[in-house]
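Visitor: I'm new to this one. Could you show it to me and explain the reasoning behind the labels?

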Amino acid sequence: MSFLFLIGFTCPCMAKVDLKSTKRLIIPEDKVTPKITQADVAKVVPLDLKQGDSEGTVLTRIADRGFSLWFNSAAMKATTLGRIAETAQEKLKTDVVVPASTPKGVSHKFSFKVEAFQALAKVEYTGWMKAAINYDAKAAETDIFVKEKVFSNKDLVVSHKATKEQGLSMVGLAWSW
């Protein structure tokens, strides 16, 4: 059997502090820890949320954007894992060029790119016109666009975006200056 005895002691404090002669406490400003700004939050929190999106969809998009931001940061790219991922991304890119058969002929270039960590696949064509097909596996979205120069500074643009819910086609005229 054990007993616990608490005994309280009171004693006068012998230490004396002269408030007039003590130096003022200066707390240093933290200039090392990065501050989180509104722009930083906007990089992680998706601003194009729909009213019917579920909590799981919103959390998945926030986690995905946060992970992507972290993975593409300079600190992460300096690590061994970051360098391996960067090398893998570079190996998933290739260009195929078909040269023109005559001096005034058109050369054709196909660029294939797979961004595995972002679940994106891209195919671009340059030759008679400019065209691209982008597939985003996470969003289950396909974007197709064709751009043709109609004047020296104007392009005719035809695009189509297909998602699970809808397809959207657009025709436009783009100016460059």
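Guide: Happy to, and keep in mind that this is a predicted model. Let's start with one residue, Ala 140, which has a relative accessibility of 27%.

Visitor: Why is Ala 140 called partly exposed?

Guide: Buried means under 20% and exposed means over 50%. Ala 140 is at 27%, so it counts as partly exposed.

Visitor: Where does Ala 140 sit along the chain?

Guide: Ala 140 belongs to the loop between β4 (130–136) and β5 (141–151).

Visitor: What makes the phi of Ala 140 worth pointing out?

Guide: Most residues other than glycine have a negative phi. Ala 140 isn't glycine, yet its phi is positive, near 50 degrees.

Visitor: Now the whole chain. Which elements does the protein chain have, and in what order do they run?

Guide: You'll find four helices and seven strands. Starting from the N terminus, the order is α-α-α-α-β-β-β-β-β-β-β.

Visitor: How do you know whether the protein chain is spread out or a compact globule?

Guide: For 177 residues the globule rule gives 16 Å, but the radius of gyration here is 30 Å, well over that, so the chain is more spread out than a compact globule. As for its extent, the C-alpha trace spans about 105 × 45 × 35 Å along the principal axes.

Visitor: How many of the residues count as buried?

Guide: With the cut-off at under 20% relative accessible area, 10% of the 177 residues count as buried. The chain exposes about 15,100 Å², and carbon and sulfur atoms supply 64% of that area.

Notes: Residues numbered from 1 in each chain as written. Predicted model: local features only at pLDDT ≥ 70, side-chain atom pairs only at ≥ 80, totals over all residues. Heavy atoms only, no water. Helix = DSSP H or I, 4+ residues; strand = E, 2+ residues; numbered from the N terminus. Rg over C-alpha atoms; globule rule 2.2 N^0.38 Å. Buried < 20%, exposed > 50% of the residue type's maximum accessible area, 1.4 Å probe, protein only. Areas by Shrake-Rupley, 256 points an atom, 1.4 Å probe, with all protein chains shown as cover.
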